[in-house]
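Here are my notes on the empty space in this one, as promised. Have a look at the model first, then read on.

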Amino acid sequence: MNIAWSTFTPWSALAGGALIGLAASVLLLVNGRIAGISGILAGLVRAPGDRAWRLAFVSGLLAAPLVAGLVLPQHVFPTALPPGIQETLRLLVAGLLVGLGTRMANGCTSGHGVCGLARLSLRSLAAVAVFMGAAFGVVFVVRHVLPGAGA
Amino acid sequence: MSTPQLSDKTDTLGSLAGALVAGLIFGLGLLLAGMTNPAKVLGFLDIAGAWDPSLALVMVGGIAVARIGVLAVRRRGGTLTGLPLHMPHERPVDRPLLIGSALFGLGWGLAGFCPGPAVVAIGFDYLPAFPVVAGMLIGLWVLPSKWLGR
């Protein structure tokens, strides 16, 4: 295994993770809700009621870059050229898979990965093992098996 | 833990402010951790390349601090506001969980975005996040609940 020490950022990763855990604790203690982003979004696009707290949480997510611009270094904002048509389609399909998959599995990296593992849930452990495995696998195929095929 | 509290309390301005602040802190955490940079996420997912283990530490930090919140709410037996506690019922590992997680992992590895960071990236006009979020919302909306046994 070849570790990229030059891009390894252990302290900001731990601190960022701790903020995510703090946010999950606030939402649980104040609102009685699990901070699972896919579930919160699914409730917004599907559920008839119960939208107010979800909208408030998503507004906070969307406003975070504004606040980050004041308190975090500029390099937290990546830049990218506008994606072309082929790239846009690839991203759309990827997003579709993320949406379908997290709805079927009832959770994503936050709901299963952070909150579920913090609750010591066996279902979440299984979900994390499978989605990490699938993600490692697809990146391996795209980068090392199909050279020149994108990403 | 799985018994819901009997409460007819609904959201107040205070609890909505709590949700807003939680979303804000969550987004700041994702930005600081580098989760909103797909190149960094893919650097973590590429174990056969030059591997950047940072995101494993995001999980460690997140789980450790979220665990404190879980233990606090369990010890109190409820929320600080009296709002009902919506804890997931522990169900067996089933096929939708496994298939769904595999599909999610495929999409995550293709785009380098999971749901939270994709939404935050919209907030700083990161153009590749727009098709990801569009696809994601369609995917979250399209499956009927009865197909999923809910």
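1. Start with the walls of the largest cavity. Chain B puts in helix 1 (13–33), helix 3 (54–76) and helix 5 (115–123), and chain A puts in helix 5 (109–118); each of these supplies at least two residues of the lining. Bear in mind that this is a predicted model.

2. What lies nearest the centre of that largest cavity? Thr109(A) and Val114(A) from one chain, with Met35(B), Met59(B) and Cys114(B) from the other, out of 18 lining residues. Its volume is about 170 Å³. The lining has no charged residues: 15 are nonpolar and three polar.

3. The count comes to three cavities of 30 Å³ or more. The second largest has a volume of about 60 Å³. Helix 1 (10–31) of chain A and helix 3 of chain B each give at least two residues to its lining. Among the lining residues are Ala24(A), Ser25(A), Leu28(A), Arg33(A), Ala66(B), Gly69(B) and Val70(B). By class, that lining splits into seven nonpolar, two polar and one charged.

4. Now the largest pocket, which holds about 960 Å³ of space. Its lining runs to 35 residues, and Gly39(A), Arg54(A), Asn106(A), His86(B) and Pro88(B) sit nearest the centre. Helix 2 (37–46), helix 3 (52–71), helix 4 (85–105), helix 5 and helix 6 (122–145) of chain A are the elements giving two or more residues. Helix 2 of chain A gives the most, with six.

5. How does the lining of the largest pocket divide by class? Into ten nonpolar, 15 polar and ten charged residues.

Terms used. Residues are numbered from 1 along each chain as its sequence is written. Chains are lettered from A and ligands numbered from 1 in the order in which they are written. This is a predicted model: local features need pLDDT of at least 70, side-chain atom pairs count only at pLDDT 80 or more; totals for chains, interfaces and linings use all residues. Side-chain values use heavy atoms; hydrogens and water are left out. On a 1 Å grid over the protein atoms alone, a cavity is a set of points where a 1.4 Å probe fits but cannot get out, and a pocket is an open set with protein on both sides within 12 Å along at least five of seven lines; lining residues have an atom within 4 Å of a point. Grid points are joined across faces, edges and corners, and a volume is the space filled by probe spheres set on the points. Helices (H or I, at least four residues) and strands (E, at least two) are DSSP runs, numbered from the N terminus. Ala, Val, Leu, Ile, Met, Phe, Trp, Tyr, Cys and Pro count as nonpolar, Asp, Glu, Lys and Arg as charged, and the others, Gly among them, as polar.
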